[in-house]
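I opened my notebook to this model and wrote down what I looked up. The entries are short, and each one follows a single question.

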Amino acid sequence: MDFLHKCSAVLFLLSSYTVHASDVPSTNPGIAFVHGTNDHRTDADGGYWKRDFIDTVALGQKDPSNTFVVHCDFSHYMWKDEAAGCVTEQLLNFIKEKSLTSLTVYAHSDGGNVMRWILSNPTYDEQNFELAQKITKVVAIAPSSGGTPLADEVSNGGTFEAGVGWLLGYKTSAVKQQRIGDMALFNNEILFASENRPSLYTPFKVIVGSDVTASPINSNSYCNGYWLNAALKITKSYLDTCADGFLTCQSQATAGDVWFYDVEKTDNYVTLSHNQSRHSCSGLERILKDDLFQSGEKA
Amino acid sequence: MKASLSLILGLSVITQAQAIPLPKQAIKSYNCKTCLTFSHTSLSKSWPIRNHPLSEDFNNQQKSFSYRQTVTLDALQKGVPLSIMGIGAVIRVSPLTPQKDLPEFIIKSKQDTLTLKDASDAAVGGAFKLKDSLGSGAFILSTTAKNTNAKQIKYMVSVLDNNSAFYLAVQTDKSHYQYGDVITTTINFPEDDFDEPVTDVSGFLLKPNSDKVPLTFTKVTDGEYTARMTLNDETNWDGENGYIHAEITGFIDDNGVKRQAQTAFSYSLPSATVTSVDKLGIEPLMFNASVDVATNSRYALTAVLYHKDSKGKLLPIEITQTSQWLNKGDHKIALNFETAVDNPEDYALGYIQLVDYGQMKPVFRYNQPIVLSQLK
């Protein structure tokens, strides 16, 4: 009798599983990389984001070819057609072309603000609305959610052209947007997910870069160019002790949930400067790939 | 008996229910050049939010330890005095005229005369972080570079003196203003540390179109000054913010000390307002907001549903956002929630915000939660 009961239970479980498995719709997730400030219409893929970094992260998903690199002009305010409008158009085309069922977005620096504006304003237009339904997670790497005093410096005159020009460029709208005072207002009025504001529909997980290493005898200083890191060592003088050379840790953690501070997960517990947090430095690409794999995206 | 009691309680709730008077706000139209390009499709979305307190608390005070000045090559040849009141300051020199190359600079302190590069721990491009050993006080920045156009060639010299005790803080009394509001700016600095009261206090309001409107500061007390101005700009700032710039110059130990600070504020024309919110039903939870519109544009109405916790504290649980194209006139905007409401006494509607996408700014905000049983 016991044996029969056990057999029936096993058969029931098997039949349940079969029914359940056949009910589950096939999933086809994808990933996309969203760059930071400035016009990256021609160099986002391979320049802003290096190919080895993109390819390694892509291996964390079921179909590595379901990978896209956004290439827009973020010298404009985040809500402008050249910024958010361009992102939604490119991502929706990618989703349709690949018939994706969900999308994980990796956004660096000001790319985090553009994504947050889209997700904070899902009813702005049909494109925002449709995209917001598909995005299941945003991984914001060193997002400029709270702005940077360096944007104030550039706006007040002169430039940081030498060495750190790639960060901000000249007096563009994106520079004005990322001033400390401006981001505080935008967070308070048209963006969600910061303190005292409603949360987003989609998880917004933040990776915080906490320092700059720029010593000729430290191998970490050479990842993605010694001189770019050396320049960030200077700009860090304008920031707090905890800063990636462009943004304070506080600014990066202003919105969303902190996933980890660099030293908590990187190889040898090293820090990631703002120049390194979009490249294969200290195992960042492996951390993202493993998370993508473990989060069930690779079914 | 139970039925009678329920009936009486029900009647009591109905008689208490009323339209909650929202703050009255005059509306004003503006010329919107881009509004017609916005989507005319009505869209609505709600989602659960974390039950963390929502607040409008906002402090835009910004504290500065820096200053900048525009100098000519001619002035640099003669020597430009720089007051640095703390160790390890950063000096940044940026060319303002077409020539890109920076000449070699020399900095003279009390003890030494060094090239700016040798005087620095780190140097990249035109930015130099001075060695702590140089100390603080009066410095002279100069160059031996020659040029026949020395009086026309200009540089911006910025000093970040962030290890100094001397700051200038600036803030406004609110973060957001509308047409006709008075903006009050307050600045603070440690005036007692100056050799004598500071007389050189100035500032201006900077509009997005780069127009500068001078501010007149009056002294409130030592180290505190205020300036007031009525905001009556009738143009669309197109999502951009205004800025207040303030500057003080005084003397400390006979060294001229300058500080410049800035803070941002938000400004919009009240192109629409929410006049009332009515409850349409509980299952599902639906509301109708009455909106009075002055400018044809796309508007997003957002509201939050609160639920009382075990201690009676209202915590946000769901947000809804509806966007519609609205022409001038009176309109209704529907607000729908998915939360199943059991007892209306335990729920409230709040955090009502109307954003005009033509200005990319909120034009109406009301953050006091209204208990559902009080809504008709």
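**Entry 1: words first.** I take helices and strands as DSSP runs, at least four residues of H or I for a helix and at least two of E for a strand, numbered from the N terminus. I also keep in mind that this is a predicted model.

**Entry 2: chain A overall.** I checked the confidence before anything else. Mean pLDDT for chain A is 88, and 86% of its residues reach 70 or more. What about residues 1-25 of chain A? Their pLDDT stays under 50, and the model has 0 contacts for them beyond four places in sequence. I'm not reading anything into that stretch.

Then I noted the make-up. Chain A has 13 helices and 8 strands, and 60% of its 299 residues count as buried. Among its contacts with a separation of 6 or more, 76% join residues 24 or more positions apart.

**Entry 3: helix 3 of chain A.** I tested the length of this helix, residues 81-98. Its 18 residues should span 26 Å at 1.5 Å a residue, and the end C-alpha atoms are 24 Å apart, so the two agree.

Which residues of helix 3 are buried? I listed A:Ala83, A:Ala84, A:Val87, A:Thr88, A:Leu91, A:Phe94 and A:Ile95. They sit on the same side of helix 3 of chain A because they cover an arc of only 135 degrees around the axis. The spacing in that list made me recall a rule: an α-helix has 3.6 residues a turn, so residues three or four places apart point the same way. On the other side of the helix, A:Asn93, A:Lys96 and A:Glu97 are exposed.

Next I looked for what covers the buried residues of helix 3. The cover includes strands 1, 3, 4 and 5 of chain A, along with helix 4 (110-120) and helix 5 (126-134). Right after the helix comes A:Ser99, with a positive phi near 55 degrees.

**Entry 4: odd backbone angles.** Most residues other than glycine have a negative phi, and most peptide bonds are trans. I went looking for exceptions.

- A:Ala142 has phi near 45 degrees, a positive value though the residue isn't glycine. I found A:Ala142 in the loop between strand 6 (135-141) and helix 6 (149-155) of chain A. Buried or exposed? With 31 other C-beta atoms within 10 Å, A:Ala142 is buried, because the cut-off for that is 20 or more.
- B:Asp253 also has a positive phi, near 50 degrees. B:Asp253 is in the loop between strand 19 (242-252) and strand 20 (255-268) of chain B. B:Asp253 has 12 C-beta neighbours inside 10 Å, so I put it down as exposed.
- The peptide bond from B:Glu283 to B:Pro284 is cis, with omega near -5 degrees. B:Pro284 belongs to the loop between strand 21 (272-281) and strand 22 (285-293) of chain B.

**Entry 5: strand 15 of chain B.** In a regular strand the side chains alternate between the two faces of the sheet. I tried that on residues 200-206. B:Val201, B:Gly203 and B:Leu205 point to one face and are buried, while B:Asp200, B:Ser202, B:Phe204 and B:Leu206 point to the other and are not.

Then I traced the partners of this strand. Strand 15 pairs with strand 19 of chain B in the antiparallel sense over 7 bridges, and B:Leu205 has B:Ile244 as its bridge partner there. Strand 15 also pairs with strand 16 (residues 212-215) of chain B, again antiparallel, over 4 bridges. B:Leu206 stands opposite B:Lys212 in strand 16. Strands 15 and 16 make a hairpin with 5 residues between them, and B:Ser210 in the turn has a positive phi of about 80 degrees.

**Entry 6: an open sheet in chain B.** I wrote out the strand order as 3-11-5-9-8, an open sheet of 5 strands with antiparallel pairing. Which strands stand at the edges? Strand 3 (66-72) and strand 8 (120-124) do; each has a single partner strand, so one side of each lacks a neighbour in the sheet. From one strand to the next, the twist averages 15 degrees. Inside the order, I checked strand 5 (residues 90-95) against strand 9 (residues 127-130): they pair over 3 bridges, and B:Ile91 has B:Phe128 as its bridge partner.

**Entry 7: where the chains meet.** Helix 10 of chain A lies across strands 8 and 9 of chain B, running at about 120 degrees to strand 8. I checked how covered helix 10 (residues 226-235) is, and 8 of its 10 residues are buried. Among them I noted A:Leu228, A:Leu232 and A:Ile234.

Note on methods
Residues numbered from 1 in each chain as written. Chains lettered and ligands numbered in written order. Contact = placed C-beta atoms within 7 Å. Expected span 1.5 Å × (residues − 1). Arc of directions from axis to C-beta. Pairing = 2+ DSSP bridges. pLDDT = per-residue confidence, 0-100. Axes fitted to C-alpha atoms, helices over the stretch in contact; angles between N-to-C directions.
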